[in-house]
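Here are some exercises to work through with the model open beside you. Try each task first, then follow the solution step by step.

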Amino acid sequence: MLRQFLSKLPRKSGKADSPELARSNSFTTEGSTPQPHRSNSLNSGSGRPCAPKRTSSAVFPASVVAGIEPLLPFKDVPSSERMNLFVSKVSLCCVTFDFTDPTKNLIEKDVKRQTLLELLDFLSGSVRFSEPAILAMCRMCAANLFRVFPPSYRSTASNGGENDDDEPMFDPAWPHLQIVYDLLLKFITSSSLDAKVAKKYIDHSFILRLLDLFDSEDPRERDCLKTILHRVYGKFMVHRPYIRKAISNIFYRFVFETERHNGIAELLEVFGSIISGFALPLKEEHKIFLWRVLIPLHKPKSLGVYFQQLSFCVTQFIEKEPKLCSTVIGGLLKYWPITNSQKELMFLGELEEILEAINMVEFQKVLVPLFWRIGYCINSFHFQVAERALFFWNNDQIVNLIAHNRHVILPIILPALEKNAQNHWNHAVLNLTINVRKMFMEMDDQLFMSCHTHFKEEEAKLSMLAEKRKEAWERLENAASRQPITGNTAVLVTPLATPMAY
């Protein structure tokens with residue numbers, strides 16, 4: 001097998017090849033200038049001296065430099081030929097193998113691995129990339145990295161985050177892929193890489209396929225992609241709007257269509273760094289991203305997987321422009337999780353961070369719907385939700401905001417506090433409720449007593465209405481029980497006091 005693999009390698013010719021032929025290639029990408037196609041023939045060591053030997057384009061791209069043996073070490077060729085050797089070695093690594101079977105093509109895989117490690121060591125030095133070298137690198141990375149994940153590869157993502165504690169799936173090809181990712185990172189971050197030339201090959205198509213890889217279930221691959229995408233964004237300024245748009249489209253598809261994607265946390269982490277670099281005042285495009293993308297990302301069931309990164313992005317926006325606080329709070333109230341207590345705890349935590357940064361004007365815009373929602377949380381039978389809502393009064397900055405607007409807030413919150421004090425089952429929640437009532441009394445005793453009296457009056461009215469309703473139903477039941485049964489007339493049957501034994 002090794003002999004067959006090596007037979008496909010170009011042999012060193014007896015005389016130097018034309019530099020024009022050395023630059024020939026057939027790899028073109030969107031936005032690049034197509035180059036003339038030349039024959040991919042190489043001289044053979046046997047038979048007629050000039051007899052051409054054709055190599056398979058599937059194994060050797062047309063960008064292989066004729067006359068350079070790819071397995072030669074870099075130290076064995078003159079410095080003037082090392083870039084040609086680099087192109088040949090990179091082209092050799094375009095050959096791909098099946099890593100799902102660990103017993104298959106062992107020698108060939110090892111030859112390729114050693115070549116990749118040699119390229120990685122070569123890039124650690126001072127390298128000036130020619131355009132054919134840039135093209136060959138992009139082609140090699142595309143051949144090795146860009147792939148479609150099989151359906152089984154995404155199976156654990158189909159439960160909307162319910163199996164977050166499951167072990168992650170690891171790609172069997174990772175020891176091989178990791179070197180390719182390291183090569184790509186060194187290549188992009190190299191100070192000698194001319195971005196004006198490289199942008200023709202690291203183009204929109206390349207970036208889009210790179211973003212597709214974020215759906216990998218291997219967390220190691222997503223971590224490498226996160227670093228590489230950040231470097232691409234920093235290096236290629238011309239591609240920045242496209243990268244932001246492409247990431248936004250992934251988020252849209254996740255929120256409004258599939259709710260299945262493995263790389264949302266990593267993409268948000270990259271976007272967090274991007275947001276921190278936004279210039280002030282914020283462009284309208286960025287505010288639209290906050291409202292249409294980041295806030296709806298609170299909706300999916302799998303929020304816990306990426307909540308930390310999402311919260312960081314939102315906080316970055318608020319630090320840039322505090323006027324956005326009321327917009328964000330309005331969005332949180334819109335997507336508030338009524339029946340999911342774990343998500344509710346996340347929302348309350350994020351809400352506290354926002355309230356620490358909000359100014360008085362923005363706070364007054366949202367305080368009525370905000371404290372109606374906090375009141376419902378205080379009355380939650382899930383003790384952690386009720387406890388977390390009451391912890392707001394442990395934050396001095398929030399207490400200061402409440403104190404300045406107590407005339408509006410206390411009438412909203414007091415009924416929730418009184419209901420907890422009367423019948424909440426959890427002792428810790430009960431103690432916190434009593435402490436918050438005491439704080440309101442200390443803020444404004446007269447206002448508290450006025451609200452408390454109003455609450456008692458409302459309670460009496462509700463109790464009276466409930467009693468009247470009960471009496472009305474009893475009269476209806478008595479009247480119905482005295483009516484004769486005729487035909488298919490429906491009969492209201494009073495349930496028995498004790499269950500019937502069967």
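Over which ring does the charged end of Lys 89 sit? The charged end of Lys 89 is over the ring of Phe 74, 5.4 Å from its centre. Here a charge sits over a ring if NZ of Lys or CZ of Arg is within 6 Å of the ring centre and within 35 degrees of the ring normal.

Before going on, please note that this is a predicted model: local features need pLDDT of at least 70, side-chain atom pairs count only at pLDDT 80 or more, and totals for chains, interfaces and linings use all residues. Residues are numbered from 1 along each chain as its sequence is written, and side-chain values use heavy atoms, with hydrogens and water left out.

**Exercise 1. Describe the protein as a whole.**

Step 1: Count the secondary structure. There are 21 helices and two strands, taken as DSSP runs (helices: H or I, at least four residues; strands: E, at least two) and numbered from the N terminus.

Step 2: Look at burial. The protein has 502 residues, of which 45% count as buried. Buried means under 20% relative accessible area, exposed over 50%, and partly exposed in between, with a 1.4 Å probe and protein chains only.

Step 3: Turn to contacts, meaning heavy atoms within 4.5 Å. Of the contacts with a separation of 6 or more, 73% are between residues 24 or more positions apart.

**Exercise 2. Analyse the ring of Phe 74 and its partners.**

Step 1: Recall what to look for. A pair of aromatic rings is described by the distance of the centres and the angle of the planes.

Step 2: Apply the rule. Rings of Phe, Tyr and Trp (its six-membered ring) pair if their centres lie within 6.5 Å; planes under 30 degrees apart count as stacked, over 60 as edge-to-face and the rest as tilted. The count comes to 16 aromatic pairs.

Step 3: Classify one of them. Phe 74 and Phe 122 have ring centres 4.1 Å apart and planes at 5 degrees, so this pair is stacked.

Step 4: Place the two residues. Phe 74 is in the loop between β2 (52–54) and α3 (82–92), while Phe 122 is in helix α4 (residues 106–123), 48 residues apart. Both Phe 74 and Phe 122 are buried.

Step 5: Widen the view. Phe 74 and Phe 122 form one aromatic cluster with Phe 86, Phe 129 and Phe 187.

**Exercise 3. Work out the geometry of Trp 393 and Phe 440.**

Step 1: Take the values. The centres are 6.1 Å apart with 65 degrees between the planes, and the pair is edge-to-face.

Step 2: Find the positions. Trp 393 lies in the loop between α17 (383–390) and α18 (396–404) and Phe 440 in helix α20 (residues 427–443), so the pair ties together parts 47 residues apart in sequence.

Step 3: Check burial. Trp 393 counts as buried at 3% relative accessibility, and Phe 440 is buried at 1%.

**Exercise 4. Find unusual backbone geometry.**

Step 1: Start from the usual case. Most residues other than glycine have a negative phi, and most peptide bonds are trans.

Step 2: Inspect phi. Asn 105, not a glycine, has a positive phi of about 55 degrees; Asn 105 lies in the loop between α3 and α4 and is buried, with a relative accessible area of 16%. Glu 259 also has a positive phi of about 55 degrees, and Glu 259 counts as partly exposed at 25%.

Step 3: Inspect omega. The peptide bond from Leu 280 to Pro 281 is cis, with omega near -5 degrees. Pro 281 is in the loop between α11 (264–276) and α12 (284–294).
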